[in-house]
Amino acid sequence: MTSPRTEAEHVEATNLLYRDPALYDVVQSDSTSAGMCQTLIELHRPNARTLIDFGCGTGRDLENLSKRFECIGVDLQPGMVDYAHLARPGLDIRADDMRTMRLGKRMDVVTCMGNSLAYVHDNEEISQVFATFAAHAGPSALLVLCSPVAPITRTEPTVATVDTPRGPATVTIRHEWHLRTQINTMHRHWVLPSGDEARDEIRRRVLFPRELERYAEGAGFEILDMLDGSGRGLIGPTAYTVARYTRR
Ligand SMILES: C[S@@+](CC[C@H](N)C(=O)[O-])C[C@H]1O[C@@H](n2cnc3c(N)ncnc32)[C@H](O)[C@@H]1O
């Protein structure tokens with residue numbers, strides 16, 4: 001494992017939005033993940049009071065969830081955490097690595113959303129992350145993950161316009177799938193309103209449903225549900241996994 005600082009710098013270098021967290025918030029502003037997460041908690045753990053979000057980024061979801069729960073957020077990148085402190089000063093957000101951190105607190109809900117789990121590529125390190133989830137799970141705690149469960153295999157590029165505070169940016173996205181490592185790489189080419197260009201290379205590890213089940217069960221979680229919000233069962237490529245902590 002590389003040192004957390006080096007890893008954080010590496011992650012930041014892969015993505016324009018991590019170097020500009022304010023733009024990250026604008027681009028993600030229509031996300032429904034906090035609402036979906038809250039619905040799942042009300043369904044499976046309605047008496048939950050406390051929540052920890054691993055890989056919380058700018059604290060975008062935590063801001064909503066903190067209206068209902070006592071929340072702590074954790075993220076690897078000091079830049080995202082510094083921005084979160086400025087943009088959302090009321091939130092408890094800490095810079096740390098979900099592979100290794102131990103707060104010494106157990107919560108009613110543990111979340112890891114917005115594909116944060118997919119940034120951990122190595123099997124052993126994924127087991128470490130699930131051990132971290134377990135170490136912060138109180139009795140019958142709910143685990144809510146949102147992560148890729150199937151690859152995007154289409155190789156043709158798609159082009160979209162993204163509204164930014166300085167005007168529309170054009171983004172061209174292309175995916176690459178490497179079966180042996182189960183890494184789905186997203187190549188993103190930005191043409192910003194200024195004419196400047198940026199290129200992202202975001203490497204996400206796909207954990208198929210049965211693999212997720214295995215990691216979760218190995219750490220003491222029983223899967224309750226997997227759903228992708230399509231209303232057509234579990235098709236993918238991204239899904240919410242809901243599990244309950246069964247150890248004491
Ligand atoms: C796509 S962002 C999602 C952020 C947030 N959950 C959201 O939905 O907006 C993924 C986040 O995972 C964080 N991350 C990646 N590896 C991590 C690790 N080992 N420990 C903690 N956070 C990590 C990154 O720094 C990044 O902020």
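R205 is buried in this predicted model, with a relative accessible area of 6%. Its side chain meets that of E211 in a salt bridge, at 3.0 Å from N to O. E211 counts as partly exposed, at 21% relative accessibility. A search of the whole structure finds 12 salt bridges and seven aromatic pairs; a selection of both follows.

**Salt bridges**

- R210 forms a salt bridge with E213, and the closest N and O atoms are 2.8 Å apart.
- R210 and E213 are separated by about one helical turn, because they stand three residues apart in helix α8.
- The two partners fall into separate accessibility classes: R210 is exposed, with a relative accessible area of 66%, whereas E213 counts as partly exposed at 22%.
- D25, E63 and R88 are joined into one network by salt bridges that share partners.
- R49 and E70 also meet through their side chains in a salt bridge, at 3.5 Å from N to O.
- R49 lies in the loop between α4 (33-44) and β1 (50-54), and E70 lies in strand β2 (residues 70-75), so this salt bridge ties together parts that are 21 residues apart in sequence.
- R49 counts as exposed at 53% relative accessibility, and E70 counts as exposed at 52%.

**Aromatic pairs**

- Y18 and Y119 form a tilted aromatic pair, with 6.2 Å centre to centre and 55° between the planes.
- This pair links distant parts of the chain, as Y18 is in helix α2 (residues 16-19) and Y119 is in the loop between β4 (107-112) and α7 (123-135), 101 residues apart.
- Y18 is buried, its relative accessible area being 10%.
- W177 and F208 form an edge-to-face aromatic pair, with 6.4 Å centre to centre and 80° between the planes.
- The W177 and F208 pair likewise links distant parts of the chain: W177 belongs to strand β7 (residues 167-178), and F208 sits in the loop between β9 (197-205) and α8 (209-218), 31 residues apart.
- W177 counts as partly exposed at 24% relative accessibility, and F208 counts as partly exposed at 28%.

**Aromatic cluster**

- F54, F130, F133 and Y215 are linked into a cluster by ring pairs.

Terms used: Residues numbered from 1 in each chain as written. Predicted model: local features only at pLDDT ≥ 70, side-chain atom pairs only at ≥ 80, totals over all residues. Heavy atoms only, no water. Phe/Tyr/Trp six-rings, centres within 6.5 Å; stacked < 30°, edge-to-face > 60°. Helix = DSSP H or I, 4+ residues; strand = E, 2+ residues; numbered from the N terminus. Buried < 20%, exposed > 50% of the residue type's maximum accessible area, 1.4 Å probe, protein only. Salt bridge = Lys/Arg side-chain N within 4 Å of Asp/Glu carboxyl O.
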